[in-house]
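Here are my notes on this model, set out as numbered points. Please read them with the coordinates open.

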Amino acid sequence: FWRGVRLALAGHRRIVLDIPLLAIFLTKYPRLMRILLSSVLAVLVPPDVQRARLMARNGLSEEEAQRRIDTQMSAEKQRQLADCIIENGGTLEDLEREVAGFLRRQPRGWSLAEVVI
């Protein structure tokens with residue numbers, strides 16, 4: 001959070017935050033988060049792909065992976081909280097292309113000096 005504030009004060013117009021549990025904060029503090037964030041992107045994956053990726057990455061059994069997934073906010077709830085959704089069932093290159101497109105569509109942003117003036 002504070003790094004983002006420092007970047008904004010330094011005049012950066014776009015700051016991307018990768019916050020896996022952002023949906024929890026959006027639910028808990030919706031107004032505060034909407035003041036701080038210009039848009040929210042949710043990257044979602046089909047459940048079977050999510051489970052397979054988690055098992056491969058973390059060496060988990062199917063049951064362990066499913067238990068971990070079950071502790072997360074549902075994809076439907078994440079869809080409700082997000083301004084934009086990227087479906088991540090493809091390759092890493094597909095995801096990078098989708099994220100780049102999302103970033104190109106975002107407004108230029110403001111520096112703190114422009115907001116104050």
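1. Start with Asn 88. This residue is buried, with a relative accessible area of 12%. The model is a predicted one, so the values here describe a prediction. Asn 88 sits in the loop between strand 2 and helix 7. Leaving aside residues up to four places away in sequence, Asn 88 touches Val 43, Leu 44, Val 45, Pro 46, Arg 53 and Leu 95. The burial call follows because buried means under 20% relative accessible area.

2. Now the overall layout. The protein has 8 helices and 2 strands. Read from the N terminus, the order of elements is α-α-α-β-α-α-α-β-α-α. Of the 117 residues, 21% count as buried. Take contacts with a separation of 6 or more: residues 24 or more positions apart account for 60% of them.

3. Next, the strands. Strand 1 covers residues 41-44 and runs parallel to strand 2, with 4 bridges joining them. Ala 42 stands opposite Ile 85 of strand 2.

4. Which residues of strand 2 point to the buried face? Cys 84 and Ile 86 do; both are buried. Ile 85 and Glu 87 point to the other face and are not buried. In a regular strand the side chains alternate between the two faces of the sheet. Strand 2, residues 84-87, shows that alternation.

5. How many salt bridges does the structure hold? The count is 3. Side chains of opposite charge can pair when their charged atoms come close. The next three points take the pairs in turn.

6. Glu 87 and Arg 79. Their side chains meet in a salt bridge at 2.8 Å, N to O. Glu 87 is partly exposed, with a relative accessible area of 47%. Arg 79 is partly exposed as well, at 32% relative accessibility. Glu 87 also belongs to the strand 2 pattern, on the face shared with Ile 85.

7. Asp 94 and Arg 97. The closest N and O atoms of this salt bridge are 2.5 Å apart. Both residues lie in helix 7 (residues 92-105); they are 3 residues apart, so about one helical turn separates them. Asp 94 is partly exposed, with a relative accessible area of 29%. Arg 97 is exposed, with a relative accessible area of 53%.

8. Glu 62 and Arg 51. Here the closest N and O atoms of the salt bridge are 3.7 Å apart. The pair links distant parts of the chain: Glu 62 is in helix 5 (residues 62-70), Arg 51 is in helix 4 (residues 47-58), and 11 residues separate them. Glu 62 is partly exposed, with a relative accessible area of 43%. Arg 51 is buried, with a relative accessible area of 19%. Arg 51 gets that label because the cut-off for buried is under 20%.

9. Finally, the packing of those helices. Helix 4 and helix 5 pack at an angle of about 115°, and their axes are 9 Å apart. The crossing is right-handed. Helix 4 contributes Gln 50, Arg 51, Leu 54, Met 55 and Asn 58 to the contact. Helix 5 brings Glu 62, Ala 65, Gln 66, Arg 68 and Ile 69. By class, the contact has 4 nonpolar, 3 polar and 3 charged residues. The salt-bridge partners Arg 51 and Glu 62 are both among the contact residues.

Definitions and conventions
Residues numbered from 1 in each chain as written. Predicted model: local features only at pLDDT ≥ 70, side-chain atom pairs only at ≥ 80, totals over all residues. Heavy atoms only, no water. Buried < 20%, exposed > 50% of the residue type's maximum accessible area, 1.4 Å probe, protein only. Pairing = 2+ DSSP bridges. Salt bridge = Lys/Arg side-chain N within 4 Å of Asp/Glu carboxyl O. Axes fitted to C-alpha atoms, helices over the stretch in contact; angles between N-to-C directions. Left-handed = near helix turned anticlockwise from the far one by under 90°. Contact = heavy atoms within 4.5 Å. Nonpolar A, V, L, I, M, F, W, Y, C, P; charged D, E, K, R; others polar.
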